[in-house]
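Hi there,

Here is the structure I promised to pass along. Have a look at it first, and my notes follow underneath.

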Amino acid sequence: MKRVAVVVSSVMFFRHAPRGQARANPVSFMNWLGSGIAIAGTYLYSLATDKHKEELAAAKGKGKAA
């Protein structure tokens, strides 16, 4: 979740014009798409690692019961 917060806050920060400048840095569709892919990948990686840890714990528990 920390990475998601960093990406979203970065987009919001850089989207606004700094003081003294008339234009902001626009965020294009491709930027949003890339950010969405990165966030989805991070989420899926987190799910996969959690599932792997659960499987290891279950296998370890079965070894003790036998």
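Apart from its neighbours within four places in sequence, serine 35 touches Val7 and Val11. Please keep in mind that this is a predicted model. The C-alpha atoms of serine 35 and valine 7 are separated by 7.1 Å, although these two residues are 28 residues apart along the chain.

Is serine 35 buried or exposed? Its relative accessible area is 16%, so serine 35 counts as buried, the cut-off being under 20%. That caught my eye, given that 3% of the 66 residues of the protein count as buried.

As for the fold, the protein has 2 helices and 0 strands. Serine 35 sits in helix H2, which spans residues 29–65. Methionine 30 is also part of helix H2, but here the picture is the opposite: with a relative accessible area of 59%, methionine 30 is exposed, because the cut-off for that class is over 50%.

Methionine 30 also belongs to a nonpolar patch on the surface, together with Phe29, Leu33 and Ile37. The accessible area of this patch comes to about 470 Å². For the protein as a whole, about 6,100 Å² is exposed, and 65% of that is supplied by carbon and sulfur atoms.

One last item comes from a database record. In an unreviewed UniProt entry, residues 32–48 are annotated as "transmembrane region". In the model, that stretch is 100% helix and 0% strand, and 24 Å lie between the C-alpha atoms at its two ends.

If you open the model, serine 35 with Val7 and Val11 is a good place to begin looking at contacts, and the patch that includes Met30 is the one to view on the surface.

Happy browsing, and all the best!

Notes. Residues numbered from 1 in each chain as written. Predicted model: local features only at pLDDT ≥ 70, side-chain atom pairs only at ≥ 80, totals over all residues. Heavy atoms only, no water. UniProt positions renumbered as here; feature names shortened; annotations may be inferred. Helix = DSSP H or I, 4+ residues; strand = E, 2+ residues; numbered from the N terminus. Buried < 20%, exposed > 50% of the residue type's maximum accessible area, 1.4 Å probe, protein only. Contact = heavy atoms within 4.5 Å. Patch = residues over 30% accessible without salt bridge, like charges linked within 9 Å, V, L, I, M, F, W, Y side chains within 5 Å. Areas by Shrake-Rupley, 256 points an atom, 1.4 Å probe, with all protein chains shown as cover. Salt bridge = Lys/Arg side-chain N within 4 Å of Asp/Glu carboxyl O.
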